[in-house]
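Trainee: Please take one part of this model and go through it closely with me. I would like to hear how its pieces are paired and what packs around them.

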Amino acid sequence: MMERNEGLQAPKEGCAIVVKDGQLIVPDDPIIPFIEGDGTGRDIWRASVRVFDAAVKKAYGGKRRIVWLEVYAGEKAFNALKTWLPEETIAAFRTYVVGIKGPLTTPVGGGIRSLNVALRQLLDLYVCLRPIGYIRGVPSPVKRPELVDMVIFRENTEDIYAGIEWEAGSPEVSKVIHFLQDRMGVKKIRFPESSAIGIKPVSREGSERLIEAAIQYALRHKRKSVTMVHKGNIMKFTEGAFRDWGYALAASKYRHETVSLRESWILDNKEKRPTLTAWENALAIEPGYKDMTPDRQSRVCEEVEAALALWPTHGDGQWRSKLMIKDSIADITLQQTMTRADEFDVIATLNLNGDYLSDALAAQIGGIGIAPGGNINYRTGHAIFEATHGTAPKYADLDKVNPGSVILSGEMMLRHLGWNEAADLVVRGLEETIARRQVTYDFARLLRAEGATDVKELKCSEFATAVIEQMSQAS
């Protein structure tokens with residue numbers, strides 16, 4: 001039985017990752033805390049850690065290795081220590097900077113509603129990074145899954161996930177409703193006597209650091225665009241502000257590297273018709289310009305003049321090589337990422353939108369069983385990589401489920417460490433295994449439904465073995 005440690009006990013082997021001037025200093029034997037997870041997490045972790053260790057060993061010939069440090073959360077912690085999230089676990093992730101976890105059970109009843117959300121907020125892991133890309137051979141419900149190649153930057157600490165809400169009928173919600181009605185003059189609570197109330201904080205600081213991380217990622221990886229996804233047409237002062245702060249940030253800090261979509265229209269119009277006046281350009285980008293109020297017309301003309309002032313650095317086609325900054329309403333985004341997926345690249349969005357969008361996109365490339373995720377503070381280097389799916393308790397300990405989500409989350413972790421050679425081996429092993437139709441039951445069922453007759457259904461552990469075998473054949 002586990003015993004509660006008095007404080008965090010350092011492993012006898014390995015060295016801690018340190019952060020210097022915002023950069024990770026990774027030793028050859030880093031200590032990596034891990035949470036195996038609840039339910040199917042046990043099977044998945046046993047399979048995935050074998051893949052990670054094999055990739056590191058092959059990539060570096062034994063000169064590097066990971067020293068794994070198990071820490072506890074979820075059912076395993078509660079059963080032994082009567083707490084869902086021990087302080088020692090938080091301390092381990094703070095001390096050793098980078099970690100990984102399997103799926104965790106959400107406690108029922110009062111207290112922490114989500115251990116995943118708690119970890120993100122306690123460690124200020126403000127980016128939920130969700131790369132969504134198709135792997136050849138994975139069954140998909142859409143016709144062109146190969147067009148899906150997106151990276152989602154989901155704000156991880158604000159929005160409704162801040163957990164600020166009051167239950168309907170409670171004394172606390174009554175106080176909030178009376179304050180809103182009596183002090184703030186709110187008239188739009190339709191059924192105040194039976195309403196629950198939640199608060200949606202969206203800050204400039206939180207928005208800017210998330211959007212800046214997305215822009216920096218896009219520039220570093222030579223991506224073509226960053227799309228800010230929001231519902232600002234309805235929530236003008238929260239999600240609308242998120243969009244506005246994003247455009248302002250790109251224009252002030254990344255002016256020479258970026259161009260907004262509307263700026264590109266203005267510059268393109270001028271390139272095609274050099275004698276075009278600012279007024280004519282305004283008409284071209286705003287078909288309803290003549291019906292606007294004078295104030296609105298003036299703002300559009302100012303926008304045109306500001307874009308044309310970029311001519312020395314962005315004109316004559318120079319804007320085409322810049323990172324495009326644009327925005328999209330959340331509901332239409334969910335449609336267009338399916339109908340025109342290749343128009344989206346890096347996406348920056350708020351917490352709830354990102355939750356919906358990342359799972360919807362994952363469905364197009366095989367489901368959340370193979371969708372990786374990472375929770376990252378890009379300013380401190382702290383990160384926890386994780387399975388994006390649930391615990392699926394009915395399959396627990398059956399050695400059956402797909403370990404792809406944790407395997408690919410580990411691949412993200414290896415890249416975060418700068419161990420790209422090992423990460424490449426993980427990707428190669430996974431891709432080759434799936435291409436040979438050696439898959440777990442979830443993919444096997446779908447492939448057979450599509451008419452495939454050469455499918456080899458593997459257990460969770462067998463799938464890991466197949467991935468390792470394909471890595472061993474890499475040159």
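Mentor: Happy to; let's take the sheet, starting with two definitions. Two strands pair if DSSP finds at least two bridges between them. The strands themselves are DSSP runs (E, at least two residues), as are the helices (H or I, at least four), and both are numbered from the N terminus. Please keep in mind that this is a predicted model, in which local features need pLDDT of at least 70, side-chain atom pairs count only at pLDDT 80 or more, and totals for chains, interfaces and linings use all residues. Residues are numbered from 1 along each chain as its sequence is written, and side-chain values use heavy atoms, with hydrogens and water left out.

With that in hand, look at strand 3 (residues 31-35), which runs parallel to strand 4 and is joined to it by four bridges. Within this pair, Ile31 has Val67 of strand 4 as its bridge partner, while Ile32 is matched with Trp68. In general, strands of a sheet pair through backbone hydrogen bonds, either parallel or antiparallel.

Now widen the view. The two strands belong to an open sheet of eleven strands with mixed pairing, in the order 4-3-5-15-14-6-7-13-10-12-11. Its edges are strand 4 (67-70) and strand 11 (258-260), each of which pairs on one side only. On average, neighbouring strands here are turned by 25 degrees against each other, direction ignored; the axes behind such angles are lines fitted to C-alpha atoms (for helices over the stretch in contact), and angles run from 0 to 180 degrees between N-to-C directions.

Next, how covered is strand 3? Five of its five residues are buried, where buried means under 20% relative accessible area, exposed means over 50%, and partly exposed lies in between (1.4 Å probe, protein chains only). Both faces are covered: Ile31, Pro33 and Ile35 are buried on one side, and Ile32 and Phe34 on the other. Part of the surroundings comes from helix 3 (residues 87-96), where Phe93 is found. Phe93 counts as buried because its relative accessibility is 0%. Leaving aside neighbours within four places in sequence, its contacts include Pro33 and Ile35, along with Val71, Leu119 and Ile384; contact means heavy atoms within 4.5 Å.

Let's move to the edge formed by strand 11. Helix 7 (residues 239-253) lies across strand 10 (225-230), strand 11, strand 12 (323-329) and strand 13 (346-349), and runs at about 160 degrees to strand 10. Helix 8 (residues 261-272) lies across strand 11 and strand 12, at about 85 degrees to strand 11. Between helix 7 and strand 11 there is a loop that holds Arg255. Not counting residues up to four places away in sequence, Arg255 touches Ala250, Glu263, Leu310 and His314. Of these, Leu310 is 55 residues away along the chain, with a C-alpha separation of 9.2 Å from Arg255.

Helix 8 also meets helix 10 (residues 294-308): their axes come within 9 Å and cross at roughly 70 degrees. The two helices are therefore roughly perpendicular, given that 65 to 115 degrees counts as roughly perpendicular, under 35 as roughly parallel, over 145 as roughly antiparallel and the rest as oblique. Helix 8 contributes Arg262, Glu263, Ile266, Leu267 and Lys270 to the contact, and helix 10 contributes Glu303, Val304, Ala307 and Leu308. By class, that makes five nonpolar, no polar and four charged residues; Ala, Val, Leu, Ile, Met, Phe, Trp, Tyr, Cys and Pro count as nonpolar, Asp, Glu, Lys and Arg as charged, and the others, Gly among them, as polar. Just before helix 10, the loop from helix 9 (278-285) holds Glu286. Glu286 counts as buried because its relative accessibility is 14%, and among its contacts beyond four places in sequence are Arg262 and Arg296.

Finally, a record adds one stop on the sheet. UniProt, in an unreviewed entry, places the feature "modified residue: N6-acetyllysine" at Lys143; UniProt positions follow the numbering used here, feature names are shortened, and annotations may be inferred rather than shown by experiment. Lys143 is in the loop between strand 6 (127-133) and strand 7 (149-155), and it counts as exposed because its relative accessibility is 82%.
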